[in-house]
Amino acid sequence: MEPFLKTVAELNNPDQRAFLYSDLHRQKIDNPDGYKEAVDFWSRLLNRACQRGLLSTTAHTASSADSDNEDDDEEDVLDRINKPPVDMPSALTIDRRLLTLRLVFRGDTPMGLDSVIEDMQRTGVLVPADDYFAPALRRWASWLAARFLPQAIAARGSSSVLVATASVQEVATRLLAAHRARVSCPLTDNIMSVDDFRRTYGRALAPDSKAPMSIVDAHVLLKYLVDTRHAATSAQLMAHPPETTGRGTDLVKFVSTSALAITDADFATYQVLCTHRMLAHQVSVLETRVSDLDAEVRQALCRQQRSIAAARLRLKRHIESNILTKRVAALETVERVLLQLQQTRSDLQLMQTLSAGTTALRALNDEAKEVDQDSVADAWEEEAMRAAELGAALDDVQAVVVPDDVDVEDELEALIAMDIASKEHANDDVDALADSIGKVEITGDTVSTTGDVVTTDDTVATADTVTSTDEQQDNNRVAVPAE
């Protein structure tokens with residue numbers, strides 16, 4: 001517990017720790033805001049510690065290791081397969097008796113936990129286990145009494161085990177999602193024992209852990225699933241369940257619509273599943289034993305131990321011919337039975353679907369009989385004629401308002417012709433200007449338009465040096481004779 005408390009920043013600050021570990025009952029009156037902050041802190045801390053299994057006293061040691069001897073009879077193998085897992089600390093309950101001692105940190109003891117627990121019970125964050133497993137009516141009455149009658153808290157808190165309801169809801173949501181993901185055949189996948197439930201969904205409590213959930217947490221979760229109509233169980237759910245639940249006789253059945261009772265067919269189906277699991281385990285063990293014997297035969301031959309090799313070879317053949325072959329045949333038979341059960345269940349679901357569809361269609365046909373089809377058809381024709389008349393009227397209005405497209409096209413053609421004519425006239429003016437510029441002669445004293453070549457004392461300019469109007473404008477530089 002102490003390594004976890006060291007990760008809490010508020011507790012590493014001496015001033016904050018002194019306030020949080022003080023008598024919070026006095027702060028409730030003198031400093032309401034500070035008291036609310038302290039309650040929020042302890043609520044978060046207790047939930048985090050509870051989810052790590054640090055506030056529960058549930059812990060048991062494992063029994064002796066299992067044996068994988070191929071000579072075990074079917075009852076022993078079934079016992080070993082259905083054997084409940086080693087119990088683990090609860091991650092959904094808090095043991096109130098040792099809560100104060102577990103939260104001692106660096107010599108400081110929390111003095112205000114009783115006030116915090118009372119507030120958490122009043123808001124329903126923590127619920128005494130006895131009330132949690134009580135019938136729904138009694139549970140609601142107890143909660144309402146604790147909510148509005150503070151003196152009822154003492155009587156309600158008589159249980160030393162408290163259930164963290166927020167954690168229960170969070171874990172149940174993950175568990176249902178994991179179950180929906182693994183179901184391929186509802187007939188067989190929705191039925192399991194309580195111990196199978198603990199093994200299969202232990203990761204819903206701690207995703208990074210491979211350990212099964214504790215029996216206490218299994219009962220807490222099953223109680224929630226039964227109350228919310230997600231599952232049914234034949235187990236007697238209780239606040240303080242025993243460490244074991246028998247030989248797999250307590251079943252859990254997941255349902256999708258309502259919490260149906262577990263029937264004799266469910267027990268029979270589970271028995272077939274257990275037999276299949278037992279035979280599969282035995283076949284796996286025997287195949288491993290045959291492989292080991294084959295290796296021993298080879299090793300004995302390498303060591304020139306022919307008698308040992310012959311003994312191992314005879315045992316291998318005996319297992320293969322007299323035991324393994326029969327177990328494999330029995331396993332195939334049970335698998336065919338399971339497939340037939342699954343197929344029958346699928347056919348039954350199909351027939352139920354067709355029956356529901358037939359009922360719905362019959363109801364629709366009964367409603368259709370109440371409608372006068374001839375009157376509906378006449379009314380439809382009348383309304384369609386009105387809509388057609390309205391459309392014709394709109395067409396007439398658009399014909400008057402919208403101008404003729406032929407006139408628009410003629411006007412566009414005229415504008416294009418005018419634009420082309422204006423461009424051609426502009427080009428003629430440019431050509432005339434260029435011709436006139438080509439005949440201009442510049443001399444030192446006079447400008448002449450009669451000669452092609454003008455000669456001065458130092459420079460000569462000809463008409464051929466002027467190539468265009470633009471070049472004349474850019475390069476209109478004339479040499480001036482030197483004086």
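How many bridges pair β5 with strand β6? To find out, select residues 251-254, which form β6. You will see that β5 and β6 pair in the antiparallel sense, over three bridges. Keep in mind along the way that this is a predicted model.

**Stop 1: the sheet around β6**

Stay with β6 and bring in its surroundings. The strands here make an open sheet of three, in the order β4-β6-β5, with antiparallel pairing. Now highlight 191-193 for β4 and 231-233 for β5: these two stand at the edges with a single partner strand each, so one side of each is left without a neighbour in the sheet. On average, neighbouring strands of this sheet are turned by 25 degrees against each other, direction ignored.

For a close-up, pick threonine 233 and look across to β6, where valine 252 stands opposite. Next, add residues 264-302, helix α16, which packs on the sheet and touches β4 and β6. The direction of α16 makes about 70 degrees with that of β4.

**Stop 2: strand β3 and its partners**

Move on to residues 161-164, strand β3. In a regular strand the side chains alternate between the two faces of the sheet. Show the side chains of β3: Val161 and Val163 point one way, Leu162 and Ala164 point the other way, and all are buried.

Then add residues 93-95, strand β1, which pairs with β3 in the antiparallel sense over three bridges. Aspartate 95 has valine 161 of β3 as its bridge partner. Select 126-128 as well: this is strand β2, which runs antiparallel to β3 and is joined to that strand by three bridges. Here valine 127 stands opposite valine 163.

**Stop 3: the largest nonpolar core**

Which residues touch the most other members of the largest nonpolar core? Select Leu175, Phe197, Met213, Val220, Leu221, Leu225 and Phe254, which do so among its 32 residues. Elements giving two or more residues to this core include β3 and β6, which you have already visited, along with helices such as α12 (165-182) and α14 (194-200). The largest share, seven residues, comes from α15.

Zoom in on phenylalanine 197. Leaving aside neighbours within four places in sequence, its contacts include Leu175, Met192, Met213, Leu221 and Leu225, and Val252 and Phe254 are also among them.

**Last stop: another core**

Finally, select Leu5, Val8, Leu11 and Tyr35. They are among the 28 residues of another core, which lies apart from the largest one.

Methods: Residues are numbered from 1 along each chain as its sequence is written. This is a predicted model: local features need pLDDT of at least 70, side-chain atom pairs count only at pLDDT 80 or more; totals for chains, interfaces and linings use all residues. Side-chain values use heavy atoms; hydrogens and water are left out. Two strands pair if DSSP finds at least two bridges between them. Helices (H or I, at least four residues) and strands (E, at least two) are DSSP runs, numbered from the N terminus. Axes are lines fitted to C-alpha atoms, for helices over the stretch in contact, and angles run from 0 to 180 degrees between N-to-C directions. Contact means heavy atoms within 4.5 Å. Buried means under 20% relative accessible area, exposed over 50%, partly exposed in between (1.4 Å probe, protein chains only). A nonpolar core is a set of buried Ala, Val, Leu, Ile, Met, Phe, Trp, Tyr and Cys residues joined through side-chain atoms within 4.5 Å.
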